[in-house]
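Ready to practise reading a protein model? Open the sequence and the structure below, and take each exercise one step at a time.

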Amino acid sequence: MMEELIFEQNKRGIVLVKSNSNAPYITVPDTWQGEPVREIGRYAFAGQEQLKRVTLPAGITCIDNHAFFNCCNLEQLRLNNGLHSVGDGAFKNCRSLHHISVRGLTYLKSIVTDFCNEITLTITTADSQTIVLLFPEYDYAFQEIIPPREFRSVTYGSGSFYRMCVTRSGIDFIEYDRTFARAVREDEPAVVREIAFNRLLYPYQLRAQYRDAYLAYLHDHASEAVSAVLNSRNIPRLELLLRHEILPQEALEAAIAQGAELDFPEGVSLLMNHRLSRFGQSRRRFVL
């Protein structure tokens with residue numbers, strides 16, 4: 001494996017300059033010739049369509065321009081604590097990559113703006129707080145205006161506007177939350193729910209007015225929200241719905257029936273306890 005990875009040393013340290021491997025899963029070693037590997041060089045993995053997962057060493061500080069360009073089947077990526085620079089187009093056209101885990105808030109723009117596809121970004125801050133943000137998929141096209149013969153770019157979906165919330169210095173969380181109104185108008189309900197759940201469960205710098213907007217959306221779409229939560233067996237999301245009393249009684253009864261049908265006793269138990277404390281005992285019975 002080592003002979004398929006080509007390294008060089010520059011003034012900053014050891015750089016992986018090229019991978020000649022055809023393997024779908026690659027682990028970049030921590031050291032080369034006794035020295036720590038510090039950088040992934042430009043175009044190092046570019047065009048490797050077989051590549052699905054890369055494990056990077058903890059000592060990586062820089063991923064250079066177009067390092068993973070056109071790795072169209074890359075699925076998983078975890079970026080470590082010491083990374084402080086990601087070059088332009090480093091993950092351009094990595095359309096199978098939907099989940100990225102990072103540490104820190106300062107180098108995200110080059111990552112997020114490379115993607116038109118949906119991305120869930122999990123961030124661990126310096127003080128060990130967790131942030132989970134969804135950046136929706138979007139598309140764009142050019143339209144000709146006659147007269148005069150001019151062209152303008154038109155985007156479809158809120159994803160490009162969410163990406164504008166990421167700057168080179170970090171994330172503008174107020175602008176991210178303000179963009180939710182656009183997502184409600186332009187994106188699929190499942191995407192909108194995901195944005196709302198993520199922000200409510202991981203409320204980093206979440207202001208009260210936007211928390212209320214997320215809760216109001218889930219309240220207005222309570223039946224769909226609880227049905228999706230039960231299908232995914234997501235206990236934290238179910239507890240959130242119940243804690244904020246989002247489910248009206250009719251939706252609650254339907255949810256208990258759905259949970260029983262799905263053979264999801266933990267969920268049914270939470271729903272029935274909530275029904276008892278909020279509405280009193282119902283005459284309907286379900287066997288767990």
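Here are three short exercises with worked solutions.

This is a predicted model, in which local features need pLDDT of at least 70, side-chain atom pairs count only at pLDDT 80 or more, and totals for chains, interfaces and linings use all residues. Residues are numbered from 1 along each chain as its sequence is written, and side-chain values use heavy atoms, with hydrogens and water left out.

**Exercise 1.** Work out what span helix H9 should have.

Step 1: helices (H or I, at least four residues) and strands (E, at least two) are DSSP runs, numbered from the N terminus.
Step 2: the expected span is 1.5 Å times one less than the number of residues.
Step 3: H9 has 13 residues (249-261), so 18 Å is expected, and the 19 Å between its end C-alpha atoms agrees.

**Exercise 2.** Find how the axes of H7 and H8 are arranged.

Step 1: axes are lines fitted to C-alpha atoms, for helices over the stretch in contact, with angles from 0 to 180 degrees between N-to-C directions.
Step 2: the axes of H7 and H8 (residues 235-243) come within 8 Å and cross at roughly 150°.
Step 3: angles over 145 degrees count as roughly antiparallel, under 35 as roughly parallel, 65 to 115 as roughly perpendicular and the rest as oblique. H7 and H8 are therefore roughly antiparallel.

**Exercise 3.** Decide whether Thr 120 is buried or exposed.

Step 1: locate Thr 120 in strand S11 (residues 119-124).
Step 2: buried means under 20% relative accessible area, exposed over 50%, partly exposed in between (1.4 Å probe, protein chains only).
Step 3: Thr 120 has 10% relative accessibility, so Thr 120 counts as buried.
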